[in-house]
Amino acid sequence: MLPRLLTLCFALVSFASSATTNTLTIIPELSNGFVRNYNPFRADTLATTRDFIFEPLMVFEEGVAHFRLAKSYTLSPDLKGILLSLRDDIKWSDGTPFSADDVVYSLSLLKDEPELDYNSLGYWMEHIEKRGENEVYVSLSHPNAQIAHRLQEAIIVPMHQWQDISDKRFFLNAHPVGTGPFTDIKAFSSNNIVQCRNPNYWQQDKLKVDCIRYPQVKSNDELISRLSNGEFDWASAFIPDIERNYASYSRDYHYHHKPSTIVSLMFNFKHPNEELRKVIQDVRFRRAMSMSLARDLLISVAVFGQGEKAVFASGMASTFEDWIPNSAAEQHLYYIRFHPKAASRLLDELGLVDIDGDRFRELPSGEPLTLRIIAPNGWSDFISASNVAAEMFAAVGLRVKTEVLPFPEYEARMANANYDLSITNYFTGLTPFRYFNSAFNSAYQTPTSPRFAQHYFKDEKVDDLLDDFLLQTDQQKQRDIVSQLHLRISENQVTVPLYYKLETVEFTTTRYKGWRRHEDGTPNVPPIWYTERPRLIQLLELEPVEESPKNTP
């Protein structure tokens with residue numbers, strides 16, 4: 001008990017000493033409890049590690065490049081190299097000058113130690129070298145016209161600290177040294193984190209927020225309750241009937257929906273049960289499941305209307321509708337619409353019939369056919385969507401249940417191909433490439449890959465098209481490739497698109513101003529999620545409301 005008591009006392013002292021500071025309270029991720037892990041090369045690093053401790057080379061947002069550690073870049077004419085020009089006025093938080101050596105070292109780590117490279121950047125880098133005092137040249141293993149977009153995900157660490165660490169995979173980096181705005185860990189406990197101003201931050205004059213606070217929130221329901229009470233300044237939460245349950249509470253409570261990519265059901269093409277695997281691998285089964293879903297009703301019931309019906313059988317975002325011709329868009333649209341009779345006919349063709357008269361279908365062998373959709377604990381919209389979908393599947397004789405798992409187990413089950421179906425979301429990008437690449441590139445079907453392609457469907461044609469996209473600088477050629485990708489994925493109905501998730505961003509003007517808006521005055525605040533690099537740019541534009549009393553953690 002004594003160590004925990006000392007920790008609590010230290011936190012209280014830290015809070016008291018920060019009485020003259022202003023603190024922005026954010027929720028970048030749900031958590032069951034914090035571990036002091038600021039190792040940016042670990043997938044389980046804290047959600048305030050990237051951007052706020054380790055600043056990126058650059059941030060791309062809606063086609064605009066915000067240069068950070070880098071001040072510019074130049075692609076080589078053959079697309080097999082990129083020259084990074086770095087800023088010369090930056091220091092690490094311990095006072096050591098930032099240099100090109102740090103960038104060469106950090107990028108080389110990704111190439112030489114693949115276990116640290118969870119974004120698969122090392123695959124692209126053949127050789128990294130310092131050129132001049134503030135320039136780094138990266139030779140690429142394959143031509144890539146989009147490599148700058150990928151490099152915004154690169155982690156840059158201080159060579160003088162990390163070169164002496166023997167096994168970087170297990171290093172927790174409890175006392176981080178970074179170039180970002182909030183490197184001073186003022187308070188840390190299992191349920192509350194306070195990170196304060198880096199005394200050597202290179203944009204000290206632009207930074208108006210003194211500290212960020214990240215309290216533990218276990219579930220979406222808890223987040224909604226505490227958000228509605230005004231505790232959080234910036235969050236991204238699904239709130240049912242958001243006008244009534246949030247915005248109506250105060251004129252300082254604001255929200256907006258940002259269009260996002262698809263929420264889909266994913267099949268396990270490597271299912272350990274041979275008979276069930278054969279069924280899953282038959283496109284008729286996947287189409288039957290897709291046509292069993294009344295998506296309008298699912299959106300209305302499961303997510304309280306806060307979603308948009310899928311318009312592409314490939315799951316491509318609706319924001320990219322001008323990338324493919326109408327003929328391609330409509331070709332497989334039938335299979336993502338509600339046609340229960342057609343679905344039943346396809347299931348009958350597969351020999352999936354009700355043998356024992358209980359109104360549920362069995363496998364051709366006569367064995368029970370029971371499917372489970374795994375969903376992450378605390379993600380109330382995913383759980384609700386899975387439950388509603390399961391009821392709809394029952395109407396065509398498919399016995400489907402929802403299995404709610406802690407997020408680490410949810411990811412592990414997919415990584416080990418130990419599941420029937422999964423519900424997952426995908427991320428958007430500046431072009432449709434990010435979605436298609438992360439969701440269907442077979443290179444991302446390893447146990448350490450992100451969950452998005454762990455359906456284990458492999459298609460050489462898809463992989464070749466993805467490679468070809470990276471060779472193109474002409475947008476029309478890029479669009480032609482995207483159209484082919486869309487048709488290929490749609491034809492195979494690799495996943496079952498459910499709905500476009502609306503990324504809801506909540507923010508309050510009680511304590512801070514400077515929140516982004518469109519020219520017409522509507523909000524344009526990026527999500528605070530740990531996956532969103534533009535969150536750093538928004539934070540640098542915030543400043544305390546003058547008439548508001550100083551808020552403390």
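How much area do domain 1 and domain 2 bury between them? About 2100 Å², with 58% of it on carbon and sulfur atoms. The model behind this value is predicted.

**Confidence**

The protein chain has a mean pLDDT of 91. Of its residues, 95% reach 70 or more. Two stretches fall under 50. One is residues 1-19, where pLDDT stays under 50 and the model has 13 contacts beyond four places in sequence. Over residues 548-553 the pLDDT is also below 50, and this stretch has 20 contacts beyond near neighbours in sequence.

**Domains and their interface**

The domain assignment gives three domains for the protein chain. Domain 1 is assembled from 18-53, 180-252 and 509-552. Domain 2 covers 55-163, and domain 3 covers 259-502.

The centres of domain 1 and domain 2, taken over C-alpha atoms, lie 27 Å apart. At their interface, 23 residues of domain 1 are in contact with 28 residues of domain 2. Phe41, Arg50 and Trp202 lose the most area on the domain 1 side, together 40% of what that side buries. Three salt bridges cross the interface of domain 1 and domain 2.

**Nonpolar cores**

The largest nonpolar core has 149 residues. Leu24, Leu57, Leu107 and Phe285 touch the most other members. Helix α12 (residues 380-394) supplies the largest share of this core, eight residues. Apart from it lies another core of twelve residues, including Val217, Ile224, Phe232 and Ala237.

Leucine 24 shows what such packing looks like. Leaving out residues up to four places away in sequence, leucine 24 touches ten listed partners, among them Val209, Ile212, Trp234, Trp515 and Leu542. Asp233 is also one of the residues that leucine 24 touches.

**Salt bridges**

The salt-bridge count comes to 30. Four pairs are set out here.

| Pair | Closest N to O distance |
|---|---|
| Arginine 533 and aspartate 51 | 2.8 Å |
| Arginine 511 and aspartate 233 | 2.8 Å |
| Glutamate 129 and arginine 131 | 3.0 Å |
| Glutamate 153 and arginine 533 | 3.1 Å |

Which parts of the chain does the pair of arginine 511 and aspartate 233 tie together? Arginine 511 lies in the loop between β17 and β18, and aspartate 233 in the loop between α5 (220-228) and β11 (234-235), so the bridge joins parts 278 residues apart in sequence. Aspartate 233 is buried, at 0% relative accessibility. Arginine 511 counts as buried too, with a relative accessible area of 16%.

Arginine 533 and aspartate 51 are 482 residues apart, and their pair links distant parts of the chain. Arginine 533 is in the loop between β18 (512-513) and α17 (534-539). Arginine 533 is buried, at 2% relative accessibility. Shared partners join Arg50, Asp51, Glu153, Arg533 and Arg535 into one salt-bridge network.

Are glutamate 129 and arginine 131 buried or partly exposed? Glutamate 129 is partly exposed at 26% relative accessibility, and arginine 131 is partly exposed at 36%.

**Two positive phi angles**

Aspartate 51 has a further feature. Its phi is near 75 degrees, a positive value in a residue other than glycine. Aspartate 51 sits in the loop between β1 (23-25) and β2 (58-61). Its relative accessible area is 1%, so aspartate 51 is buried.

Glutamine 493 has a positive phi as well, near 40 degrees. Glutamine 493 is found in the loop between α16 (475-492) and β17 (495-508). Glutamine 493 is buried, with a relative accessible area of 0%.

Conventions: Residues are numbered from 1 along each chain as its sequence is written. This is a predicted model: local features need pLDDT of at least 70, side-chain atom pairs count only at pLDDT 80 or more; totals for chains, interfaces and linings use all residues. Side-chain values use heavy atoms; hydrogens and water are left out. pLDDT is the predictor's confidence in each residue, from 0 to 100. Contact means heavy atoms within 4.5 Å. A nonpolar core is a set of buried Ala, Val, Leu, Ile, Met, Phe, Trp, Tyr and Cys residues joined through side-chain atoms within 4.5 Å. Buried means under 20% relative accessible area, exposed over 50%, partly exposed in between (1.4 Å probe, protein chains only). Helices (H or I, at least four residues) and strands (E, at least two) are DSSP runs, numbered from the N terminus. Domain bounds come from an automatic or database domain assignment. Buried area is the accessible area (1.4 Å probe) that two parts lose on being put together, summed over both. A salt bridge is a side-chain nitrogen of Lys or Arg within 4 Å of a carboxyl oxygen of Asp or Glu.
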